[in-house]
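Me: I'm new to this one, so could you walk me through it slowly?

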Amino acid sequence: MHTALSRPAGRAAAAVAALIITGAGLVACSAPTDQNASTAPAADGSDAAGFPVTVTSALGDAVIPEKPERIATWGWSTQDAVLALGVVPVAMPAFAYGGVDGVLPWDADAIEDLGGETPTLLTGGDTGEPNIEEFVEARPDVILAPYSGLTQEQYDALSKVAPVVAYPDQRWATSWEDQTAIVGQALGLTDAAADLVAQVDADIADLAAEYPALAGTSFAYGANNQPEIFNVFRDDDPRVQLLTQLGMTVAPSVETLAPDDDSYFYQLGFENLNALESDVLVAYFGTQADVDAFVADPLVAAMPQVKEDRFAPIVGESFVMASSAPTVLSIPWMLDQYVPQLAAVAERVG
């Protein structure tokens, strides 16, 4: 497995790179859905004439009075959609895990392509606790957090700084497509956001067609973040949804073993791992040493997926971040490298 990745490669990367480069001059973008809004574009090609815009979330409505110029982001991946739409945020979270000097590699590439400067890097991303004073100092026009774990209390505090766009339903469960659409609506770039999603969807479909062994192959997706515990991700998690877009299917055992709640993952003790039946087992790890330690456990080694070489680990911090919070930037950055490895495992399914 690759543990260090460089710039985007392949068809998907080229397509998204082209959209990034032209993002600052996007044209022909219609206004967010609003029956009372004008559809006339502003001079810069955006939907400034369509403002004010109201974006509804699970925590409240964000009323954005005019086209925002200073954008702050919160959560794992919102900055990707903003950058892909040709805008460099004034502030975004620092990423100690997977980042270089706090910036994820694909974000650094996009900032360079746009000729921008590194945004203010916000602390608290590792704890989920936003530093309100840092947001005040950044003076944002809007705070975008559609893929985050904001609490109502945090949302209310940030809303005193600027309108806050939170997640539409559950914490940490907004698909990459919906994230992009929400950011596009908030920035007055609805059509451009739709174009980005369509392009990446098309490239995912092309990859799926190139590797037909993936079609119909069942999988379970997890992580070993605590001793003797395997976190199993359910079908509403974005990283799981990305593999289903490639034609794979979530193994029935994932829901059979799940608790009766709406969490996006659950914990399974190693003693129950044999009940997690699937054609392929996918899990992420920061290092190859972590993979080796995982498969060395006798209860893990006894899993049919591991014994029969049907285990497809995702290895490397940046790689883990790219796949765990998939976006219009991170998907092309990682899929061209990971899909061939995943397909090779799928081909071993009897």
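Reply: Helices (H or I, at least four residues) and strands (E, at least two) are DSSP runs, numbered from the N terminus. This is a predicted model, in which local features need pLDDT of at least 70 and side-chain atom pairs count only at pLDDT 80 or more, while totals for chains, interfaces and linings use all residues. Residues are numbered from 1 along each chain as its sequence is written, and side-chain values use heavy atoms, without hydrogens and water.

Me: Okay, which element gives the largest share of the lining of the largest pocket?

Reply: That is α13, which supplies 3 residues, and β9 (229-233) also gives at least two. A pocket is an open set of points on a 1 Å grid over the protein atoms alone, with protein on both sides within 12 Å along at least five of seven lines, and lining residues have an atom within 4 Å of a point.

Me: How much space is in there, and which residues lie nearest the centre?

Reply: The largest pocket holds about 670 Å³, the space filled by probe spheres set on the points. Of its 30 lining residues, W76, G125, D126, W172 and M321 lie nearest the centre, and by class the lining has 16 nonpolar, 11 polar (Gly among them) and 3 charged residues.

Me: Back to α13, how does it cross α14?

Reply: The axes of α13 (residues 317-324) and α14 come within 9 Å and cross at roughly 115°, so the two helices are roughly perpendicular (65 to 115 degrees) to each other. On the α13 side the contact (heavy atoms within 4.5 Å) is made by S318, F319, A322 and S323, and on the α14 side by S330, W333, M334 and Y338. These contact residues divide into 5 nonpolar, 3 polar and no charged.

Me: Switching topic, how many cavities are there?

Reply: The count comes to 2 cavities of 30 Å³ or more, a cavity being a set of points where a 1.4 Å probe fits but cannot get out. The largest cavity has a volume of about 40 Å³, and its lining consists of Y221, R239, L242, L243, I314, S323, M334, L335 and Y338. Two or more of these residues come from each of α8 (238-245) and α14 (330-346), and the lining as a whole has 7 nonpolar, 1 polar and 1 charged residue.

Me: And what about α6 and α7, how do they cross?

Reply: The axes of α6 (residues 176-187) and α7 (residues 190-210) come within 7 Å and cross at roughly 160°, which makes α6 roughly antiparallel (over 145 degrees) to α7. Here W176, E177, T180, A181, G184 and Q185 of α6 meet T190, A193, L196, V197, V200, D201 and I204 of α7.

Terms used
Axes are lines fitted to C-alpha atoms, for helices over the stretch in contact, and angles run from 0 to 180 degrees between N-to-C directions. Angles under 35 degrees count as roughly parallel, over 145 as roughly antiparallel, 65 to 115 as roughly perpendicular and the rest as oblique.
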